[in-house]
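Subject: Structure handover

Hello,

Here is the structure you asked to look at. Please open it alongside these notes.

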Amino acid sequence: MGVSELLISTCVQCVLFSLLSAQPLLVVGFSGPLLVFEEAFYSFCSSNDLEYIVGRVWIGFWLILLVLVVVACEGSFLVRYLSRYTQEIFSFLISLIFIFETFSKLVTIFKDHPLQRRYDVQDEFQPGVPEPNTALLSLVLMAGTFFLAFFLRKFKNSSFLPGKVRRLIGDFGVPISIFIMALADFFINDKYTQKLSVPKGLQVTNASARGWFIHPMGTGASFPIWMMFASVIPALLVFILIFLETQITTLIVSKPERKLVKGTGFHLDLLLIVAMGGLAALFGMPWLSATTVMSKTSSPGEKSQILEVKEQRISGLLVAVLIGVSILMEPILKFIPLAVLFGIFLYMGVTSLFGIQLFDRILLLLKPPKYHPDEPYVTRVKTWRMHLFTFTQIIFLVVLWVVKSTPASLALPFVLILTVPLRRFLLPRIFRDIELKCLRAGPCPPTPPAPLPPPPAILVTTKKIWGHSPHLPTLGMEPVFIFPFFSAYFKKIFWMM
């Protein structure tokens, strides 16, 4: 699979999702966890002499069967157990995958084109022969794209230029940065940088190996029957990933603070995404899932607040059509260096960290308490207990990353699911209920008002007054505590005596 398969799959599935879904505001696309699974399944098929592309077809068949069973049994109710604890770990993991893959690809370029004193330079590029300046130029292009896109994102909330112009530049900051850095690479002569490989027209990436339709029984040799049934296991893993990403994204979009008027359809959206992905595997195209897109437009010093959301299907439909049209832009896309795309991946990974409370609490580990923000999870929870909660999530992130980096990466969805019982049964034994409510980034119970102090009492000491009537009782000399009203009353009596 390559660029053409991803573009066509995204175009077709997004068009259908925009027209038929219950919540068209969801953004459908390829994600980091699905990339991890694809790499792990490819390694498994290569080590067992199995056709990877045919194995995906049978995974797609099982995906359709699984989603039909889950939707028929209304299995989306399980989303109620996906707490903020699991959502933050999953979102943080996706961001880390984007960042790690970016630098991993950059390191690969430095290995293929190392810095050395002499180069055996040919007139044309020869595969396997190191080229001078390639590694350093790739680093400059990646860093330049990242910082330029990040600057334009910040420029959107600055005080320069009129507001409409700033918003226009900020909204199109990523395309602008890609254009500028690709133009810089074009005008630098006598250098080599790897470019984006896009086939002409509606061709598959490797037309010599296969066509658009994948035969379920095998392309070169007969596909093993046992693997047809065993594919239900990796299909279950893919289904868990798509279920988590889609339902978590739906939960984020449908929060009360989003102020949506129309409802969401967990069952219908899940059915559409999984069924379309299962059929896409029959044509050698990737599975997709719902993904989140962070967008902040608040002014500096103000807390971001959503005023209104335009709930419509036109935006998603137009984006899908433009993605499909980009397939015909091969003469332009072939000039984009891969290093520029690495910078965009790094930008996506870094910017998606903002807004994740786990990332904010990790930063608080490096700050003195006097610089902590005025947030409920800071003011209502003791600092050491807040850090303890953060460490539990960090430990689970490390476990997930270790699993991802080993041959057992296929089991990543199962390990991720373990966060659900951990949050429901173990953490309540360590933290109080009010602490968990404040740490979940949701509405925190209000602080109970302090009890009113009792009215001040006045100590009145009476003394024997000469000349009093013998018929009046003597108060004595012991102290008596009385309320202010009675104190004033007795004081008046004493003066009259």
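Below are notes on confidence, one helix pair and one buried helix.

This is a predicted model, in which local features need pLDDT of at least 70, side-chain atom pairs count only at pLDDT 80 or more, and totals for chains, interfaces and linings use all residues. Residues are numbered from 1 along each chain as its sequence is written, and side-chain values use heavy atoms, with hydrogens and water left out.

Confidence: the protein chain has a mean pLDDT (the predictor's confidence in each residue, from 0 to 100) of 80, and 85% of its residues reach 70 or more. Residues 294-301 stay under 50, and the pLDDT is also below 50 over residues 458-497. Where pLDDT is low, the predicted coordinates should not be read in detail.

Helix pair: the axes (lines fitted to C-alpha atoms over the stretch in contact, with angles from 0 to 180 degrees between N-to-C directions) of α2 (residues 32-47) and α9 (residues 232-253) come within 10 Å and cross at roughly 170 degrees. Helices here are DSSP runs of H or I, at least four residues, numbered from the N terminus. The crossing makes α2 roughly antiparallel (over 145 degrees) to α9. In contact (heavy atoms within 4.5 Å) are Pro33, Leu34, Phe37 and Phe41 of α2 with residues of α9 including Pro234, Leu237 and Glu245.

Buried helix: α5 (residues 134-155) has buried residues (under 20% relative accessible area, 1.4 Å probe, protein chains only), among them Leu137, Phe146 and Arg153. The buried residues of α5 pack against α4 (84-112), α6 (163-171), α7 (173-187) and α13 (338-351).

Regards

Definitions and conventions
Helices (H or I, at least four residues) and strands (E, at least two) are DSSP runs, numbered from the N terminus. Angles under 35 degrees count as roughly parallel, over 145 as roughly antiparallel, 65 to 115 as roughly perpendicular and the rest as oblique. Buried means under 20% relative accessible area, exposed over 50%, partly exposed in between (1.4 Å probe, protein chains only).
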